[in-house]
Structures are given as structure tokens and as C-alpha cells.
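Trainee: I'm new to this one and would like a close look at a single part. Could you take me through the place where the ligand sits?

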Amino acid sequence: MQTIAVMTSGGDAPGMNTCLRAVVRTAIHKGVRIVGIRRAYQGMIEGDFVALDAQSVSGILNRGGTILKAGRSEEFLTKEGQRRAVEQLKKAGIEGIVCIGGDGSFRGAIALERDWDVPVVGVPGTIDNDLYGTDHTIGYATAIQTAMEAIDKIRDTAASHDYLFIVEVMGRHAGFIAEAVGFACGAEAILTPESPTDLPALHAMLDYARERGKKSCIVVVAEGDDAGNAFEIQRKLNLEPEHHVRVTVLGHIQRGGSPSAFDRILAGRLGYAAVHALLEGRRNVMAGIVADRVVFTPLEEAVSRRKESPARLLEIAAVLAT
Ligand code: F6P
């Protein structure tokens with residue numbers, strides 16, 4: 001391959017820039033021309049490409065967000081959108097792509113390979129950590145640190161005022177963030193989309209905690225929980241006024257900020273591995289790290305197989321928070 005491209009797609013995640021830098025510098029090291037696709041699939045359709053050199057990625061290793069911009073494209077979901085995108089790739093001489101993103105981005109990559117014969121290597125870049133074939137996705141470690149620090153502050157107020165906080169963290173389809181952050185903050189309850197939420201049982205548990213003298217509680221809920229979002233859960237629980245319920249939605253604060261050391265190392269290793277894989281002829285795979293080794297998983301598996309939480313954090317948290 002003479003020319004490859006790199007894109008950051010889906011929701012931004014801390015470490016995307018770090019990975020971008022690794023991809024660009026590895027490609028240059030291998031003597032390959034590297035092009036950035038701005039605004040992900042929408043930019044691909046519109047031919048929004050930028051030539052990248054070693055200098056263009058200097059000073060971004062520790063910066064949150066993505067200098068290429070991220071995003072989701074409705075148009076790319078259509079055959080016509082894909083046709084236009086592939087036409088642009090051909091025009092620019094792009095022979096392969098490193099796609100840094102989450103499950104939605106990888107579904108686009110699968111279509112590119114299957115229907116249009118464009119080789120893609122994926123790199124897991126999402127705060128959600130919900131991709132099979134990697135222990136961690138880029139951005140997850142930073143996001144849970146950010147959320148944990150925010151909930152620690154909320155805990156101060158909860159304890160000072162005897163409030164019960166319902167704190168919503170991100171995760172439309174996955175509870176990895178809720179689980180890890182709830183555990184790290186000692187939340188009294190952790191609600192995730194993967195485990196059915198029993199609201200009457202939660203109500204009873206919170207009442208009982210109060211009777212036992214626990215005057216403040218934290219309930220961490222993933223935004224995609226089966227019982228609803230934090231406000232819906234507050235309404236459905238309908239707790240007695242003495243619980244002094246407050247709701248906080250942490251929202252996009254979890255997506256920003258300088259990547260942690262862990263995310264920088266992960267991003268650098270995966271970006272480097274992805275370029276090598278692409279140039280060695282691998283396609284339609286995601287580069288991930290399992291037990292500290294780089295492994296490649298077919299993109300179809302990465303998006304469709306269920307990733308289990310290996311540590312049974314919910315179970316342990318339930319014991320530790322009593
Ligand atoms: O996939 C990352 C993520 O932050 C999810 O946790 C969240 O549900 C979603 O993106 C929100 O995306 P946006 O606000 O960009 O539409």
C-alpha cells in the first residue's frame with residue numbers, strides 16, 4: 001500500500017488523539033503516505049481529507065477530543081452514501097483505513113470491506129468499553145477516573161446534607177462505566193442495562209439502609225438502564241421525602257479531558273499495531289489488547305459478541321456497600 005487513511009469515528013474518547021499520532025508516525029516510519037479523514041464517515045462521503053505528516057500530530061498526545069473531529073453519519077448507512085464515500089477514497093488513492101471508534105463505526109467498516117472491498121483495521125476507541133476482543137477500549141480508563149472524581153465530590157454533599165443521589169453515567173447499551181465507577185465510589189446500588197433492575201427491591205434496600213442509620217446513599221445508574229434514566233428512576237421509585245433525593249447526570253464531562261497514562265499507552269500500542277496489520281494485509285479486524293498482548297479479532301465478532309465483565313464487580317460491590 002502506498003496511501004492509507006485514518007479516521008476517528010462515533011463519540012470522541014480521551015486517547016483518540018494519542019492513537020492518531022501513533023498511526024500517523026508509524027505509517028511515516030513505514031514509508032507510507034497517510035491521510036486524515038475529517039468528520040469520520042460524513043467527511044469520507046464529502047471527500048474531507050487532509051494530508052498528515054509527523055509535524056501535524058505533534059503536541060496532541062495529551063489532548064482530549066480528536067483533531068480530526070468525530071461523529072456519526074446517517075447518510076453512510078445508505079448504499080448511495082457508501083458509494084459516494086468509496087468514490088472519494090478511490091479519487092484520493094486511499095487503499096486502506098485505520099478506523100478508531102466504537103461499535104457503530106465498526107459496522108460501517110464491515111460494510112466498507114464486505115460490499116466495497118476496502119480494507120479496514122479497527123482500533124477500539126470509545127469510553128463505553130463494550131467491544132469484544134479487547135480488555136479495555138481507548139478512553140474508558142480516563143472516563144471512569146473522571147466520573148469517579150465527580151461522584152467523590154457528590155458524596156461530600158450527600159454526606160453533608162443526608163441526601164440520596166441518583167447519579168447517571170454514560171452507557172446507552174453497556175454498563176461497564178456504571179459498574180466500575182459505582183464500585184470505585186462505593187455506591188450503595190449500581191444499575192446497568194445488562195442486569196434487570198428490580199425497583200421495588202431497590203426501594204426496600206434504600207429504606208432499610210436509612211432505618212439502619214445510613215443517612216446518605218449514592219445510586220449509580222447507566223443511562224441505558226432497563227428501568228429508565230436517572231430522572232425516570234427517581235419518579236418510579238417515588239421515595240419518601242426523608243430520603244431527600246437529588247439527581248445528577250454527569251453527561252459529556254466523561255468524554256473529555258487529557259487521557260490517563262493507561263489510555264495513552266493503550267492508544268500508542270494499538271495505533272502502531274493497526275498500521276502494521278493493515279500493511280501486512282490484514283483486513284476487517286480490530287486490534288485489541290487481551291492480557292497485555294495485542295490480538296486481532298474479526299470486526300463482526302468485536303461488535304456482536306457479548307463482552308463479559310470478568311471481575312464480577314456488581315456482586316462484590318453489593319457485599320462491600322452493605
Ligand atoms: O458511545 C459513547 C457515548 O458517550 C455513549 O456512552 C453515549 O450513550 C453516547 O456516546 C452519547 O453520544 P452523543 O451525545 O454524542 O450522541
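Mentor: Sure, and one bit of vocabulary before we start: Ala, Val, Leu, Ile, Met, Phe, Trp, Tyr, Cys and Pro count as nonpolar, Asp, Glu, Lys and Arg count as charged, and the others, Gly among them, count as polar. Keep in mind, too, that this is a predicted model.

With those classes in hand, the shell around the ligand has five charged, three polar and two nonpolar residues. Going along the chain, you meet R72, then T126, I127 and D128, then M170, G171 and R172, and after those E223, H252 and R255.

Now look at where those residues come from. Domain 1 (3–139 + 259–304) gives residues to the shell and so does domain 2 (141–255), which means the ligand lies between the two. As for the kind of space, the ligand sits in the largest pocket.

Next, zoom in on some of the contacts. The side chain of R255 has an N or O atom 2.8 Å from an oxygen atom of the ligand. R72 also uses its side chain, with an N or O atom 3.0 Å from a ligand oxygen. G171 takes part through its backbone instead: a polar atom there is 3.2 Å from an oxygen of the ligand. How much of the ligand does the protein bury? On its own the ligand would expose 400 Å², and the protein buries 79% of that.

So, when you turn the model, find R72 and R255 for the side-chain contacts, then G171 for the backbone one.

Definitions and conventions:
Residues numbered from 1 in each chain as written. Predicted model: local features only at pLDDT ≥ 70, side-chain atom pairs only at ≥ 80, totals over all residues. Heavy atoms only, no water. Near = heavy atom within 4 Å. Polar contact = N/O pair within 3.5 Å; in protein donor to acceptor, adjacent residues only side chain to side chain. Areas by Shrake-Rupley, 256 points an atom, 1.4 Å probe, with all protein chains shown as cover. 1 Å grid on protein atoms, 1.4 Å probe; cavity = no way out; pocket = protein on both sides within 12 Å on 5 of 7 lines; lining within 4 Å. Sits in = over half its atoms within 2 Å of the grid points. Domains from an automatic or database assignment.
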